[in-house]
Amino acid sequence: MARLNNDQRNQAIGMLNAGRSAAAVSQTFGCSRKTIERLRRRFRATGNVRDRPRSGRPRVTTAADDRYIVTQHLRNRRLSATATGRQHGIHPQTVRNRLRQNVQPIRAYRPYFGQILTRHHRAARRNWCRRHLRWRRNDWNSVLFSDESRFNISHADGRERVYRRRGERFADACVIERDRFGGGSVLVWGGIMGGNKTRLLVINGNINAQNYINNVLTVEAIPFLQRRGPNVTLMHDNARPHTAAATRRVLAAHNVNVLDWPANSPDLNPIEHIWDELGRRVRTNHAINTVNDLAAALQVEWNNLTAPFVQRYVNSMRSRILTCIGQNGGHMRY
């Protein structure tokens with residue numbers, strides 16, 4: 001039997017005041033006579049037809065339990081609500097509710113996947129940032145930030161979403177087909193300096209020291225640096241081709257200054273954001289079916305990167321350094 005809403009209750013009181021019997025009113029609204037009689041008594045006692053305040057369902061956890069649940073999940077961030085609920089004998093949704101009701105709400109998010117940073121790595125990153133803390137924008141504008149990056153034809157970055165109804169998970173319109181092996185890939189090298197950028201080089205095969213020397217350093221990196229005068233610096237990470245003895249000899253022979261770089265620190269290199277943006281633009285603006293399509297699209301979008309866009313990421317170096325120091329050499333938002 002449906003509950004009477006406030007309008008129906010007011011109408012029922014009006015009918016009672018007009019002299020109608022409780023039985024007649026109950027027949028009009030399709031409810032029991034006792035319901036109408038209780039409504040009349042409540043109106044006489046309180047002057048309104050609203051429900052009395054109710055205590056609600058009793059909480060299955062105490063305030064101490066709630067604090068302990070929050071403490072558990074702050075100490076072990078990978079602890080599941082199911083495991084906590086099983087421990088306390090409560091439903092997992094109750095655990096989630098208690099976490100959300102905390103002063104600072106706690107919710108489940110996808111974790112950030114970062115480089116493995118040992119104590120040595122963190123100390124090296126922190127010390128490197130402190131050594132370069134006094135560098136200003138002009139200093140960073142004299143550094144050629146370079147790196148290699150591999151792009152796959154079939155790429156899943158976790159950002160794509162589909163809007164669907166229940167039961168449509170496997171409908172063709174809602175399925176994103178991917179080649180589990182990537183469907184082919186293109187390895188490229190590029191560099192940015194201030195608002196400038198090098199050419200984007202497509203590297204055939206795997207990168208090794210000789211390939212890096214012959215197809216990157218002598219073809220583009222060294223000439224690019226030489227055109228910009230003596231007070232410039234090359235930044236490349238500690239990958240084996242970059243630190244090989246043959247590579248160091250070639251750089252020394254051309255008087256190229258090399259910026260020391262802490263291990264496992266792609267988040268300090270602004271060109272990583274350029275690669276991320278490049279991949280998004282290629283997937284958004286181009287139909288990629290073959291490796292040649294991918295290589296051509298990468299060249300187009302690299303050439304479309306504007307000087308202010310590139311400069312913005314170079315200008316972020318001081319912020320990166322301050323953030324890294326604040327994180328004591330640990331993971332950061334970049």
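**Helix contacts and a ring pair**

Okay, so let's start where helix 7 meets helix 15: Arg 125, Arg 126, Trp 128, Cys 129 and Arg 130 touch Met 317, Ile 321, Cys 324 and Ile 325, with contact meaning heavy atoms within 4.5 Å. By class, that's six nonpolar, no polar and three charged residues; Ala, Val, Leu, Ile, Met, Phe, Trp, Tyr, Cys and Pro count as nonpolar, Asp, Glu, Lys and Arg as charged, and the others, Gly among them, as polar.

Quick housekeeping: this is a predicted model, where local features need pLDDT of at least 70 and side-chain atom pairs 80 or more, while totals for chains, interfaces and linings use all residues. Numbering runs from 1 along each chain as its sequence is written, and side-chain values use heavy atoms, leaving out hydrogens and water.

Back to our two helices (DSSP runs of H or I, at least four residues, numbered from the N terminus). Helix 7 is residues 119–131, helix 15 is 317–326, and they pack at about 135 degrees with axes 9 Å apart. The axes are lines fitted to C-alpha atoms over the stretch in contact, with angles from 0 to 180 degrees between N-to-C directions.

Next up, Gln 311, which sits in helix 14, residues 307–314. Its side chain reaches the backbone nitrogen of Gly 195 at 3.0 Å. Leaving aside residues up to four places away in sequence, Gln 311 touches Asn 141, Gly 194 and Gly 195.

Last, the rings: Trp 275 and Trp 302 have centres 5.8 Å apart and planes at 25 degrees, so they're stacked (centres within 6.5 Å, planes under 30 degrees apart, using Trp's six-membered ring). Trp 275 is in helix 12 and Trp 302 in helix 13, 27 residues apart.

Note on methods: A polar contact is a pair of N or O atoms within 3.5 Å; within protein, one must be able to donate a hydrogen and the other to accept it, and residues adjacent in sequence count only if both atoms are side-chain atoms. Rings of Phe, Tyr and Trp (its six-membered ring) pair if their centres lie within 6.5 Å; planes under 30 degrees apart count as stacked, over 60 as edge-to-face and the rest as tilted.
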